[in-house]
Amino acid sequence: MLENARKEEQQRKASERYYNRQRAAETERPGEGFRREIIMPLKEAQPIERRLIFLEPGDDLALERIIGKSDLVGISYLELGLLAARPVCRIQVVNPFGRPEGYGTGFLVGPNLLLANNHVLDTAELARKSFVEFEFEQDINGRRKTSKSFDLQPDEVFVTDPDLDFTLVSVAPVAIEGTKLTDYGLLRLVEDTGKVRTGEYVSIIQHPEGGLKQCCLRENEVVDLFDNWIHYLTDTQPGASGSPVFNDQWLVVCLHHSGVPMKDAQGNILKTDGQSYQEGIDDPSTIAWVANEGVRISRIFQALESRSENEPMVPKLCADFAAMTLVRSDLRS
């Protein structure tokens, strides 16, 4: 399917970034690694101070986690996680001929505004037939909730970027069943950098393989920061594309878009049994992964600002984001 081809292209690019960084690390001059370990934390001191404004007053555990001293979390971490999960939805991709093409994940980031991947929704025509489902999940008793379906409305807003692999698209304000979209809140995006550091842990809320909503908490280490991308070790599966990746303060640090497949010295993708993966023959679920990759939220803001003069829909998006008050209570709105 076309969606699979777009996904494979993103995986190829992610793999190139990962292995180019590995080769660069292997050939760096003596002392460069030491310099990076010592100097970079000093450069990151200012962003760490800036992140303090996102903490609850007196949240000493959160401060300790930022500077790497504690893995403890307050019990409110779980409550905030449930609130952060509300705006996350499953995307049912339907092609212009009315045939299902696949699944993805997305999340609300503004009034009637969804953030997803370009490789999931790459055209307004595709979005026009597709729809999203909220509460596609189990309750505390293990029973399926009744999900709510909302149409997408790309004629109102549709902005996409194949290089950074993101799409912003409008969502109908009322579900087919009558539920209001505002019932699910939103995840406010913070333009500032410094929301996460290498060595910290992230969490991801997702619809793996188009299934029920799931999350992966803790032990998901950020292993590399690129100009536009973040690499981390979170467990994800196909269908998780478009998931929000959170730091410990439940701020979205990046938009998940691809896994990084493991390769041998010849550049062949490897399976979990160590053998080369043969496209079209082997099951894609047998691919071995070394990391996952997401696009940094700050870079999405930059991309929007750079396009504001040429695309009529973008200035309104930038104005809407700028108007949002970035306070901790936003998760509850």
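In what order do the strands E9, E8, E12, E13, E14, E11 and E10 form an open sheet, and is the pairing parallel or antiparallel? The tour begins with this question; the model on display is a predicted one.

**First stop: the sheet from E9 to E10**

Select the 7 strands of this open sheet and follow them in the order E9-E8-E12-E13-E14-E11-E10; their pairing is antiparallel. Strand E9 (214–216) and strand E10 (222–225) are the edges, and each has a single partner strand, so one side of each is left without a neighbour in the sheet. From one strand to the next, the twist averages 35 degrees.

Within this sheet, select strand E12 (residues 244–246) together with E13. The two pair in the antiparallel sense over 3 bridges. For one such position, display Phe246, whose bridge partner in E13 is Val252.

**Second stop: the sheet from E5 to E6**

Next, select the open sheet of 7 strands whose order is E5-E4-E1-E2-E3-E7-E6; here the pairing is antiparallel. At its edges stand E5 and strand E6 (158–161), each with a single partner strand, so one side of each is left without a neighbour in the sheet. The twist in this sheet averages 30 degrees from one strand to the next.

Over how many bridges do strand E1 and E2 pair? Selecting strand E1 (residues 88–94) with E2 shows antiparallel pairing over 7 bridges. Ile91 has Gly104 as its bridge partner in E2.

**Third stop: helix H7**

Now select H7 and view it against each of the sheets in turn. Helix H7 lies across E13 and strand E14 (289–296), and runs at about 40 degrees to E14. H7 also lies across E3, E6 and E7, running at about 70 degrees to E7.

**Fourth stop: the nonpolar cores**

Which residues have the most contacts inside the largest nonpolar core? Select Phe107, Leu115, Phe166, Leu189 and Leu304, which hold that place in a core of 32 residues. At least two residues of this core come from each of helix H5 (76–85), strand E2 (100–110), strand E3 (113–116), strand E7 (166–170), strand E13 (252–261), helix H7 (297–306) and helix H8 (314–323). The helix H7 gives the most to this core, with 5 residues.

Centre the view on Leu304. Leaving aside residues up to four places away in sequence, Leu304 touches Val159, Phe166, Leu168, Val314, Leu317, Cys318 and Phe321. Apart from the largest core lies another, of 22 residues, with Ala124, Ala127, Phe158 and Leu181 among them.

**Fifth stop: the salt bridges**

The structure holds 16 salt bridges, and three of them may be visited here.

Select Asp122 and Arg6, whose side chains meet in a salt bridge at 3.6 Å, N to O. This pair links distant parts of the chain, 116 residues apart: Asp122 is in the loop between E3 and helix H6 (124–129), and Arg6 is in helix H1 (residues 2–26). Asp122 is partly exposed, with a relative accessible area of 25%, whereas Arg6 counts as buried at 16%.

Move to Lys213 and Glu137, which form a salt bridge with their closest N and O atoms 3.1 Å apart. Here too the pair links distant parts of the chain, 76 residues apart: Lys213 is in the loop between strand E8 (203–206) and E9, and Glu137 is in the loop between strand E4 (131–134) and strand E5 (148–151). Are Lys213 and Glu137 buried or exposed? Both are buried.

Then select Glu311 and Arg307, whose side chains meet in a salt bridge at 2.6 Å, N to O. Glu311 counts as partly exposed at 24% relative accessibility, while Arg307, at 18%, counts as buried. To finish this stop, display Arg6, Glu101 and Asp122 together: salt bridges that share partners join these residues into one network.

**Last stop: the cysteines**

How many disulfides does the count come to? The count is 0 disulfides. Select Cys216 and Cys215 to examine one case. The closest cysteine sulfur to that of Cys216 is in Cys215, 7.7 Å away, which is too far for a bond; the cut-off for a disulfide is 2.5 Å. Cys216 counts as buried at 14% relative accessibility. Finally, select Cys89, which counts as buried at 0% relative accessibility.

Notes:
Residues numbered from 1 in each chain as written. Predicted model: local features only at pLDDT ≥ 70, side-chain atom pairs only at ≥ 80, totals over all residues. Heavy atoms only, no water. Core = buried A, V, L, I, M, F, W, Y, C linked by side-chain atoms within 4.5 Å. Buried < 20%, exposed > 50% of the residue type's maximum accessible area, 1.4 Å probe, protein only. Helix = DSSP H or I, 4+ residues; strand = E, 2+ residues; numbered from the N terminus. Contact = heavy atoms within 4.5 Å. Pairing = 2+ DSSP bridges. Axes fitted to C-alpha atoms, helices over the stretch in contact; angles between N-to-C directions. Salt bridge = Lys/Arg side-chain N within 4 Å of Asp/Glu carboxyl O.
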